[in-house]
Structure formats: C-alpha cells, structure tokens
Amino acid sequence: MKDTYYQPLTAVWEVTMGCNMRCMHCGSSCAQPLPGELSTEEAMKLIDQLADLKMKWITLSGGEPLTRKDLPILIRSLKEKGIIVNIITNGWLLKDRAKELHQSGVSTVAVSIDGPREVHNMVRMKGSYERSEEGIRKLKKYGITVGAVTTITQKNIGLLRELREDLIRIGVDSWQVQIGLPMGNLKKHDDWVIKPEQVDDIIDFCYETMKQGKIRIYPADCIGYYNQKEVEVRKVSYKSENVLWDGCNAGIRGFGILHNGDILGCTSIRDREFIEGNIRERPLKDIWNDNSAFTWRRNLKKDQLSGYCQRCTYGNKCLGGCTNTRLTMEKDIYGENKFCSFNNFLRGLEQRLAIKINKEQLLDEAREANQKLNYQTMALTCDRIIQLDANCNEALRMKGFAEFMCGNYAESEKTNREILEKQPQDAYAMKGLALALYRQDKNTEKVLLLLNKANKLSDYSDEDLIHDIKIIQSDLINRSFYVTP
C-alpha cells in the first residue's frame, strides 16, 4: 500500500491510564496507571515516528494526562516536530499547571465539564467544578485557547442551557458535546444513556447555540447525521462548506495510541481484536501502511451494515456513522446506528406510512417525492403501496428506480426482476435491471444485451439510454468484462 493512499492527519494518544478521579461515566474505567506505559524515551521515539508520518494534529488524553510528569516534555517535542498539540483534561490540576502548559507550547486545552456545578461534582468529584473554573481562568490569562467537552447523559441533557451560560461566563472558547455510550463505568448506569430520539434534541440545542453566536459549539462525531441543522452548525463551527459526514476517520485519516504503544483505529473502541500492532514491535509507519491493518474500516461496505443503514441513501458515504456507537449499542460493528438523526427520520416515516391505506394518495406522495428527488422517502412509500397491492406496477417501477438512486442495487435488481416476471417486455424494468447489474459488476456480459433490447422495445427515442449503452460498452471493453454476443 502506498504511503499516500491513506494519509493520517490526526491521532489521539492516551499517554497514561492513571487518573486522579473516578468519574461515574468514564468510558475507560481509569484508575491507577496500567503496566507497560511507554517510558519517556519510548514516547520520544514515538514522536519521531509521528513526525515521519507527517501528522498535523495530536490530542493527548488519558486517564488524566496531567498526572504524567513528563507531559510538558512530550508537548514541547511534538511542537518542535511541527505537530499541533491539544490535550483533554479533567481540570483538577490545571490551576497549578497552566503556566507550564503555556511554556510547553500546547495549542488547545479541552476541559471535561459535564453539567452545572452540582451535577458535575456529583458525576466527577466534589470540588472539581470549582477547580476546573479556576484552572480555565488561569489558562485564559496565559492566552491559551480553552475548550469544554461535555458527555451527554440523562443526568445533564435537560441542563445544557444552564451549562451553556456557565461556560460563556467562564470564558470558554469552544464546546464539544458527545453522547455517553455504555462502556467502562457507564455500563453500570445504563439508565443514564440517552434514547436514540434524543439525538435530535441535542442537534436542535446545537443549532440554537450556533444561532446565538456566543460560544462555538461542535457536535462530536457520534452526533448526526444528514440533519440540515447539524450541517449548518458544522459549517459555522468549522468555517467550511465541506462538512457532510464522510465516514468514520479510524484507519482513514486518524488512529489511536494506547498507553502501552498499541495502535488501533480509535481509542474509543476498546476491544482487543481491533488492535493493529504495537510500536515496540513494529514501526508506526509499517503498521499504518499494512494492507491487513484497519480492514474492518478500510474495506467496509454499505451492504455489510444492517437495518436502515444498509438501505440508506447516504449509506455509501456515511457507512453507518460512528463505529463505536454501533459497537456499544448493537454489540456488532456492522450493526445499525439507531442514534443517527436520519435513521430516526426513516423509522418515523415508516411508522407514519404503516397506518395509511389509501393507495392513490400514497402513489401521489411517491410521485411528489420523486419530483423533489427524495428517493429514500419514495422507496419507503412504494414499499407501503406494494404491501397494499403487490401487483401495482407503477409502485414497483418507482421502487426499482428509487432503490437504484439510493445505491441499493441488489434491491433494485430484485424489484426489476419481479416486474419482468410479470411483464417480460417491460423496457423500463429491463433497463433498470441492466443498470443494477452493471453497478454490482454482476452478469456484466448480459448488461448490454438487456440495454439494447430495452432500446428496441421502447416506443420512443431514449437518448439517455443510448448514451448509457455507449458509456457502458466502452467501460466493459476497457475492463475486459464485455463478451461480444
């Protein structure tokens, strides 16, 4: 594999698993430093390897990174190598280490704050809110950019507006919100985990906060996807138009480093089976460029997913959103992401369609969805029509087209075959079947035969079809798939 094929830009490095708190929602159940923690010398060698990979950013986390005494040395070395350094801290030691962090050259310090004073101190430790506030003020005094990170649970989701006012008052520059998932200590508090439908409440809150413009808010990678409000928030926060979710970064543009030098796609994914290697045994670049590494992500296809993720119009781009959400909530890396906003929309749409029985009204809705290019809505509406009337040819035709436009080529193939079983000379279904097969690289020698036959059966000149035939014929010949009949 070429080094440039997957260019890593960022990493999260858990420099220690030691921590001075015992937070009730800690995903890593951090306590004492674990055996095998990289020494300063080993850490410095790792930094050289990170620079060799041309990394742009790194986030140092834990545990509590400030409990690691050589942290300033690591930060300084990373900065000297041209890598921007951010840290995530619980804030307890900040008031004593702010000047040291400033001198070491840290870029941003993100402080975990999980609610207004009472809730934060309950979740983390008595007095932790006060110490974090004091530490943030000291960081600001030294001109360090300060962020807040909030893990949202049932304990604080109703207090986000109050917390927002606190963060603005303290002077926090940015705010990342993320979902608390049932891992580590939070497994002991399942009732704290939010419900899938509450994701839209979080997105609405982020949108409201963005519109106020008093603090920059960042929904974490576990919050989305393809919700217009979420897209608008990301455009403003990242100052970019290119913000649509493009799949999990793990093994594509980023990776995680554990305390002992283990390398994996994401530090949130704790399962040992996802560890790709260890820097004590192999150079980091070799691990990253190994063809057999990160295959669970690099080779992931939409049709491997389940539920709505498998048939979603955004599935080929999104690939199920946050991997760790699927893994922790569904116990399966290929599971459906029910914490996706668009997934919730589809679930609700199907429930609304299920109570409708007027076929003509549903046909009108499917036609309207087609005009608006809402192919996912069109497909689900056609499903309902076909439940009511399995022989409705118009619904079958529209479904075959809609599934194709959603990237569900196998489903489009199946639907067009159903039409042709009943109406073998249906040119529209013949064309649909050919294109569905072509997109799957399936029975490719038959594709042009079907397209040419569909063209002859059409009672009008289909310029698009003729164009498709020419393009596909050229492509199949170039790929040595086409067999001349």
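Two strands pair if DSSP finds at least two bridges between them. That definition underlies the description of the strands in this predicted model. The protein has 485 residues, of which 54% count as buried, and its secondary structure comes to 21 helices and ten strands. Along the principal axes, its C-alpha atoms fill a box of roughly 80 × 50 × 35 Å. Among contacts between residues at least 6 apart in sequence, 65% join residues at least 24 apart.

**Paired strands and crossovers**

- Strand E3 and strand E4 (residues 108–112) run parallel and are joined by four bridges.
- Within this pairing, Val111 in E4 is the bridge partner of Thr89.
- The chain passes from E3 to E4 through helix H3 (residues 94–104), and this β-α-β crossover is right-handed.
- Strand E3 (residues 84–89) also pairs with strand E2 (residues 57–61), again in the parallel sense and over four bridges.
- In that second pairing, Thr59 stands opposite Asn86 in E3.
- A right-handed β-α-β unit is made by E2, helix H2 (residues 71–80) and E3.

**Helix H7 and its surroundings**

- Helix H7 covers residues 199–212, which is 14 residues; at 1.5 Å a residue these should span 20 Å, and the end C-alpha atoms are indeed 20 Å apart, so the expected and computed values agree.
- The buried residues of H7 are Val199, Ile202, Ile203, Phe205, Cys206, Thr209 and Met210.
- These buried residues lie on the same side of H7, because they cover an arc of only 160° around the axis.
- The elements that cover them include three strands, namely E5 (145–152), E6 (174–179) and E7 (216–219).
- The cover also includes helix H6 (160–170), helix H8 (228–238) and helix H14 (341–354).
- Just after H7, Gly213 takes a positive phi of about 75°.

**Salt bridges**

- The count for the model comes to 41 salt bridges.
- One of them joins Asp204 and Lys229, whose closest N and O atoms are 3.3 Å apart.
- Asp204 lies in helix H7 and Lys229 in helix H8, so this pair ties together parts that are 25 residues apart in sequence.
- Asp204 has a relative accessibility of 34% and therefore counts as partly exposed, since the partly exposed class lies between the limits of 20% and 50%.
- Lys229 is likewise partly exposed, with a relative accessible area of 34%.
- Another salt bridge links Arg68 and Asp70, with the closest N and O atoms 2.6 Å apart.
- Arg68 has a relative accessible area of 6% and is therefore buried, as buried means under 20%.
- Asp70 is buried for the corresponding reason, because its relative accessible area is 9%.
- Arg234 forms a salt bridge with Glu230, and here the closest N and O atoms are 2.7 Å apart.
- Both Arg234 and Glu230 belong to helix H8, where they are four residues apart, or about one turn of the helix.
- Arg234 and Glu230 are both buried.
- Elsewhere, salt bridges that share partners join Arg311, Asp383, Lys399, Glu403 and Glu411 into one network.

**Two individual residues**

- Thr325 is found in helix H13 (residues 323–330).
- With a relative accessibility of 1%, Thr325 counts as buried.
- Beyond its neighbours within four places in sequence, Thr325 is in contact with Leu181, Cys222, Glu330, Asn337 and Phe339.
- Glu162 lies in helix H6, and its relative accessibility of 44% places it in the partly exposed class.
- Measuring from C-alpha to C-alpha, Glu162 and Asn443 are 60 Å apart in space, and they are 281 residues apart in sequence.

How values were computed. Residues numbered from 1 in each chain as written. Predicted model: local features only at pLDDT ≥ 70, side-chain atom pairs only at ≥ 80, totals over all residues. Heavy atoms only, no water. Helix = DSSP H or I, 4+ residues; strand = E, 2+ residues; numbered from the N terminus. Expected span 1.5 Å × (residues − 1). Buried < 20%, exposed > 50% of the residue type's maximum accessible area, 1.4 Å probe, protein only. Arc of directions from axis to C-beta. Contact = heavy atoms within 4.5 Å. Salt bridge = Lys/Arg side-chain N within 4 Å of Asp/Glu carboxyl O. Right-handed = clockwise from strand over helix to strand, strands pointing away.
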